[in-house]
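Please read the following with the sequence and the coordinates open side by side. The text takes the pairing of strands as its starting point and works outward from there.

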Amino acid sequence: MTVANHYADFLQNLPWNYFITCRTPYKIHTMTVRKWVDRLFSRSHKVDYIFYSSERDKGDYNNYHVHMIMGTNTDMTYKEVRYGLGNISVGDYQPIYDSEYVCKYITKYVGQGNIDYDFILKP
């Protein structure tokens, strides 16, 4: 079993609410996404935990885009997510109905190359 499979299995045990994809025209570094997540936690009392993974962007192979799944304690609008994350592009904002599929999708590159990923609980 691969690292990606282990992460997918672990993540499926948690109740996830939303899936989003984040992009920015600026170079994404290791701390970039952590700053986004910290900002979201500080601006919203609705988000309890997040798992994210980066992957190479097909439009700009030298940069990444980031997939996130969020566990929230109540419904959260697209506008609230955008405000929480700040000035970045948020796409694919959707409620999660098939946790197994989403968890496998978001972990597909975990353990391969220079992919950044993390599971973060709200402090």
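Ile 20 has Met 68 of strand 3 as its bridge partner. The model in which this pairing is seen is a predicted one. Two further pairs can be followed into strand 3: Tyr 18 is bridged to Met 70, and Cys 22 stands opposite Val 66. The two strands concerned are strand 1, residues 18-23, and strand 3, residues 64-72, which run antiparallel and are joined by 5 bridges.

Strand 1 also pairs with strand 4, again in the antiparallel sense and over 5 bridges. Here Phe 19 stands opposite Gln 94 of strand 4. Strand 3 in turn pairs with strand 2, antiparallel, over 9 bridges. Within that pairing, Phe 51 has Ile 69 of strand 3 as its bridge partner.

These pairings belong to an open sheet of 5 strands, with antiparallel pairing and the order 4-1-3-2-5. Which strands stand at the edges? They are strand 4 (89-95) and strand 5 (117-121); each has a single partner strand, so one side of each is left without a neighbour in the sheet. On average, neighbouring strands of this sheet are turned by 15° against each other, direction ignored.

Several helices contact the strands. Helix 1, residues 3-11, packs on the sheet and touches strand 2 (47-56), strand 3 and strand 5. The direction of helix 1 makes about 25° with that of strand 5. Helix 3, residues 78-85, lies across strand 1, strand 3 and strand 4, and runs at about 140° to strand 4. Helix 2, residues 30-43, contributes a set of buried residues: Thr 32, Val 33, Arg 34, Trp 36, Val 37, Leu 40 and Phe 41. The buried residues of helix 2 pack against strand 1, strand 2, strand 3 and strand 5, and also against helix 3.

How is burial distributed in the strands? In strand 1, 5 of the 6 residues are buried. In strand 3, 9 of 9 residues are buried, and both faces of this strand are covered. On one side of strand 3 lie Tyr 64, Val 66, Met 68, Met 70 and Thr 72. On the other side are His 65, His 67, Ile 69 and Gly 71. The partners named above for Tyr 18, Ile 20 and Cys 22 are thus Met 70, Met 68 and Val 66, and these three partners are listed on one side of strand 3. Ile 69, the partner of Phe 51, is listed on the other.

Some residues are less covered. Met 31 belongs to helix 2. Is Met 31 buried or partly exposed? Its relative accessibility is 49%, so Met 31 counts as partly exposed. Met 31 and Asp 116 are 85 residues apart in sequence, and their C-alpha atoms are 9.6 Å apart in space. Tyr 26 is found in the loop between strand 1 and helix 2. With a relative accessibility of 61%, Tyr 26 counts as exposed, because the cut-off for exposed is over 50%. Tyr 26 and Pro 123 are 97 residues apart in sequence, and 27 Å apart from C-alpha to C-alpha.

One backbone angle deserves a look. Most residues other than glycine have a negative phi. Asp 92 is not a glycine, yet has a positive phi of about 55°. Asp 92 is placed in strand 4, one of the edge strands of the sheet. The relative accessible area of Asp 92 is 45%, which makes this residue partly exposed.

The last feature is the largest pocket. About 160 Å³ of space lies in the largest pocket. Its lining is made by Arg 23, Glu 55, Arg 56, Lys 58, His 65, Tyr 105, Lys 108, Tyr 109 and Ile 115. By class, 5 of the lining residues are charged, 3 are nonpolar and 1 is polar. One of the lining residues, His 65, has already been met as a buried residue of strand 3.

Conventions: Residues are numbered from 1 along each chain as its sequence is written. This is a predicted model: local features need pLDDT of at least 70, side-chain atom pairs count only at pLDDT 80 or more; totals for chains, interfaces and linings use all residues. Side-chain values use heavy atoms; hydrogens and water are left out. On a 1 Å grid over the protein atoms alone, a cavity is a set of points where a 1.4 Å probe fits but cannot get out, and a pocket is an open set with protein on both sides within 12 Å along at least five of seven lines; lining residues have an atom within 4 Å of a point. Grid points are joined across faces, edges and corners, and a volume is the space filled by probe spheres set on the points. Ala, Val, Leu, Ile, Met, Phe, Trp, Tyr, Cys and Pro count as nonpolar, Asp, Glu, Lys and Arg as charged, and the others, Gly among them, as polar. Two strands pair if DSSP finds at least two bridges between them. Helices (H or I, at least four residues) and strands (E, at least two) are DSSP runs, numbered from the N terminus. Axes are lines fitted to C-alpha atoms, for helices over the stretch in contact, and angles run from 0 to 180 degrees between N-to-C directions. Contact means heavy atoms within 4.5 Å. Buried means under 20% relative accessible area, exposed over 50%, partly exposed in between (1.4 Å probe, protein chains only).
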